[in-house]
Structures are given as C-alpha cells and as structure tokens.
Amino acid sequence: MFCDKTGVNQLTALLASHGFRDIVVCPGSRNGALVHNFHQCREIFTLHSVTDERSAAFVAIGIYLSERKPVALCVTSGSALLNTLPGVAEAYFRHVPLLVISADRPAERIGQLDGQTLFQPDALKPYAASYNLPETDRPQDCRLRNRLINEAILSMQHNGKRPVHINVPLTEPLFTFSTTGLPAERIICEIRPTVAAAPLPEDLTARIARAHFPVLLIGQYEEDLSAPLRQFEENSSLLVLPELIGNSSYSWRTNMLEEIISGMRFAPDMVIHAGGNQVNKLLKFRLRETDGCEVIRIEESTDFPDTFDHLSVIVRSSPLTILPHLAEALPANENVRRMQRLLAAYRKRIEDFQTDTLSDLSIMKMLCDELRHSPISALHLGNSSVVRNALYFFDKNDFPVYCNRGTNGIEGSVSVACGYSLKKNGLSLLLVGDLSFFYDQNALWIQGIGGNLRIVLFNNGGGQIFHSLQGLSSSPSRDRYIAASHQCAACGIARSYGLGYFSINTLSEAQETIRQFLTTESDRPVLLEVFTDPRINGEALENMHNCFRTIINTK
C-alpha cells in the first residue's frame, strides 16, 4: 500500500518513469510518507540510508559518479534541507544532476513557534532551481504538480547538468497508507536535436504522421515561416492555425475557429505548438478540454510552456529548423483537407462584411482595405480590443505585425511603435485604444520621431473590451471604475506634441479621411482619432458573431 498523499504518489510514479533508481534517504517524520513510498517501490528503487544530511548530499554525488545516472536525495523539513547546501553547491559546479526532495510543513506555520519550520522554497538557490508543489488535490493542482515534477526532472539536464530542488509541503495526517497503487502520470519528454538533417527522431515523426487530425498552432512569432507553411497547406498534412501576431499566412483561420468552435466538433488528437502568446481564448480552452490530445512543443529556450495542459514532448529547437523537416516528412491527411475546405467557406463571411454604422470594426475593415493601396513597413497593435478586432480583417501581408503580448496590458504600445519608427524607414502604423494611448502618450516626447509614424486612436470613451466580458455588465462599477470611462480627446495632445491630426466622427467621412491620413506629407507623426460609441461597437461585434452562428446552424 502507498501513502494517501496524492502529490507524493505522483512524485513517486514520475521518479520511476523518468528512470531514477537510487535514492539517498535521511531520517525524519515529515518525509516519512515519501520514504515509505520509495520503499514500497523497492523493486525499482535502491534506498541508501544516511543520517547526516551534510554527508548525504556528498554520498549522492558519489553514487552518481559511479554510474552517471541521476540520483535523488530525500530529507525532512527545517534545517535538514539547509544542511545539504555544501553538497548541492559541489554538485552545481561539478555539473552533477542531483535531485533534492524536501518534505515541508504548512507555510502558515512559519514564524509561529512551530519547530523545524522555515522558508524552504528557494532555500538552495542559486545552486539549485526550486520547484514548490501545491498540496491541495483539485484537478488543476494535480495537473500543475505533474507539470512541475516533469519540468524539475528534465531541467536537471540543462546547462550541462545541474542540481534541482523539489519542495513537498505536507500536512497532518502524515501516516495513512491505504492507496493500492500509484497513479498513471503523464510523462513529458525532452528532445535535443543534434543532427540538422534529421532534427526529430523517426518514431516521433511517424507518430505525427499517424495522427487522425493534426494541427499546427503558432502563437506570437516574428520570423518568416512562409515556406514550410505553404508546403503543409498544399499537402494538407497539418492544419495551419497561426495567430495574426504569428506573422504567418492563414491567421484568419484561427479567428474563424474562435467564433464557430462552440458549435462544431473540433478535436485534434495532435497539436504541434510553436511561437509565443495566444490571443484567442476559446480555442485555447477547447484544446485544454480535449481528451486524447497530444501536444508537441517546439521551444528553443529552456522554458516549459504547457499552454494546453496536454504537453507530451518538448523539442529544444527553433521552428525554423523543425517545421521544414516536418513539411517534407508528413503525408496528406483527409481530415485536414476537409477542415481546410470548411474554413474557406467561413472566410467569405468576413470578406463580405458590411455595416452602415461607424464602429471600431467598420474602421478596421476600411484600414485593411486601404492598406492594399498605401503600403506600410509595419503594423503595431494595441493589446486589447484592437488586436482582437484586427484578427477579423488582417492576414499575412507584406509587413510584419507587432503587439505587446509578452506580458503587458495597456503599457508600451505607443513606445514600441515610436522606437521602431526611429530605426526603420517606411510608414509604421499603430492601431491603439484610448486607454493605451493616453497611458503611454509620454513616448511622443521622444526626439527624432518623424512623419513615418502614423497612429490610429480608437476613442470609444473607455476600455471597450470590458463591454464584451460576459457577466461584467451586471456590475454597477463597470463603466466608471473597471472600464475607466472618460470624455477625453487627443486633439490637445496632438497639438502639444506637434503631431498632424485628423478625426472621424461619421461613417460618411471615414474613407476619405483615412486616405488623407495615410498619404499626407509630414515631418512629425500623424494621429487619426476615431470617435465611436461602445454600445454600437458591441452591436457590430454581435452582428459579426451572428454571421458565424448562421453558418453553423445551416451546416
């Protein structure tokens, strides 16, 4: 029988699956459940009992040196962990992959005169990366524990091999042992390609080729992937689903799925995931809920993104290396071809979109149409409603698309566009919301920014996105305090900074004003302020959604 601590059972199962065979154990009560489990797996693990933690870490190093296989060290709470530090430091500088597992007491007991209680997470830094496991057993906590344990074990091989620390908080009761078996845990593998001609193992490529419905999902990305994506598309081997800020063709598909996914069966069994942050939420949520969906992440850094909760393999390489190889290796897939045809039919609804009202969407479409005749060098998008509205109309063009999706909200959109225009010839176009613009207007102080920067300010009197969040309309605090409603205009700001200035107040003047805004000669940035009503913006967005609902209901 195993202990009744779910996290301890998960850790035990993953240690076995990842090939650990030797564990040095030190005495203690808090780590008793851990040691019990390891002993129950004595056909897998060999336990080495060492009383002194100062010695135990060095004993573990010696065991590693004998066979060059990762070794675990398990200690109890409190100063027992601190006593391993000399050995951990030695392991760090000798590149020994030592896994230190510490049992811990509840964090709320720290400083409350409870014995053997101190700050254990990060206690071995900088010599060992630290992973603190949650103790509660909600489904999301079990998933998080699985990912953290996999990540911790795999990270031991990074930077020429290093020690790693896993901290396991445990509350009473500690010693109940009625669990009959260990859980079947997801195992995440890491691949480090060494041969450019064959960057993926044959068995992994074959697994992708056998997939029933494989897709390629590309988040924010700023390199050119057009060649392999074109090949995937022509061969119908992967359904290409890039974000607009992924700077790849077919980004319209990702937005189509965002609109129609609740009314259709979309259940990939294989996702190749590359690039950074995702804008679309519903697609992300659907994939998280899809059982039997395997995710292969292409990740050049040592980061460990498990965006869709189904990560199985991390390939430590660049999409520029991996995707051309896959494009050559994968066969045609009839399910991919069927979805290509289906989504192409949906796209026509966007191309035919018309409105007789002035809204953020109608202006966005006009801008997109006008840019076919007025070339720009780059498109910068504010990180809110603007980027989501742009997804409907823009696709891969002859210019890159940038957006602060790394971690920021309204910060920095104007600043990035200003910095880009300082060094890049050609027209840079920034589409930005009012809160983002007013927040970041100080960037316009910068000396040297010229007329090659054009800014379209969507002024809808506050944070438009808060009018589309389900349930928020019932809060009386929404408009004034959450959406930060206002009556400000930017004409005075434009005058203060010496900007060229245009405005749009009616739909009838919009097209000609946009043309003048893009083509007027200026040695200073030019600002176009579009005044829209948040209620009408909401109606226009709902009309757009209804287009897709109509298609779903007729299919």
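How many bridges join S5 to strand S6 (residues 164–169)? In this predicted model, 4 bridges link the two strands, which run parallel. Within this pair, Ala 129 stands opposite Val 164 of S6.

Strands S5 and S6 belong to an open sheet of 6 strands, arranged in the order S2-S1-S3-S4-S6-S5 with parallel pairing. Strand S2 (46–49) and strand S5 (129–132) stand at the edges of this sheet; each has a single partner strand, so one side of each is left without a neighbour in the sheet. On average, and with direction ignored, neighbouring strands of the sheet are turned by 20° against each other. In general, the strands of a sheet pair through backbone hydrogen bonds, and the pairing is either parallel or antiparallel.

Another open sheet of 6 strands follows the order S7-S12-S11-S10-S8-S9, and its pairing is parallel. Its edges are formed by strand S7 (189–191) and strand S9 (239–242), each of which pairs on one side only. From one strand to the next, the twist averages 20°. Helix H11 (residues 319–329) packs on this sheet, where it touches strand S8 (214–218), strand S10 (270–274), S11 and S12. The direction of H11 makes about 130° with that of S11. Strand S11 (residues 294–298) is itself joined to strand S12 (residues 311–315) by 4 bridges, and these two strands run parallel. One of the residues involved is Arg 297, whose bridge partner in S12 is Ile 314.

The largest nonpolar core contains 39 residues. The residues with the most contacts inside this core are Ile 363, Leu 379, Leu 381, Phe 394, Leu 429, Leu 431 and Val 456. Helix H13 (residues 360–370) supplies the largest share of the core, namely 5 residues. When residues up to four places away in sequence are not counted, Ile 363 touches Leu 358, Phe 458, Ile 504, Ala 510, Ile 514 and Val 530. A second core, separate from the one just described, has 32 residues, among them Ala 72, Leu 133, Ile 153 and Met 156.

A polar residue, Ser 421, was also examined; Ser 421 is located in helix H15 (residues 413–423). Its relative accessibility is 5%, and because residues under 20% are classed as buried, Ser 421 counts as buried. A polar atom of the Ser 421 side chain lies 2.9 Å from the backbone oxygen of Cys 418. Leaving aside neighbours within four places in sequence, Ser 421 is in contact with Ser 428, Ile 449, Asn 452 and Leu 453.

Key:
Residues numbered from 1 in each chain as written. Predicted model: local features only at pLDDT ≥ 70, side-chain atom pairs only at ≥ 80, totals over all residues. Heavy atoms only, no water. Pairing = 2+ DSSP bridges. Axes fitted to C-alpha atoms, helices over the stretch in contact; angles between N-to-C directions. Contact = heavy atoms within 4.5 Å. Buried < 20%, exposed > 50% of the residue type's maximum accessible area, 1.4 Å probe, protein only. Polar contact = N/O pair within 3.5 Å; in protein donor to acceptor, adjacent residues only side chain to side chain. Core = buried A, V, L, I, M, F, W, Y, C linked by side-chain atoms within 4.5 Å.
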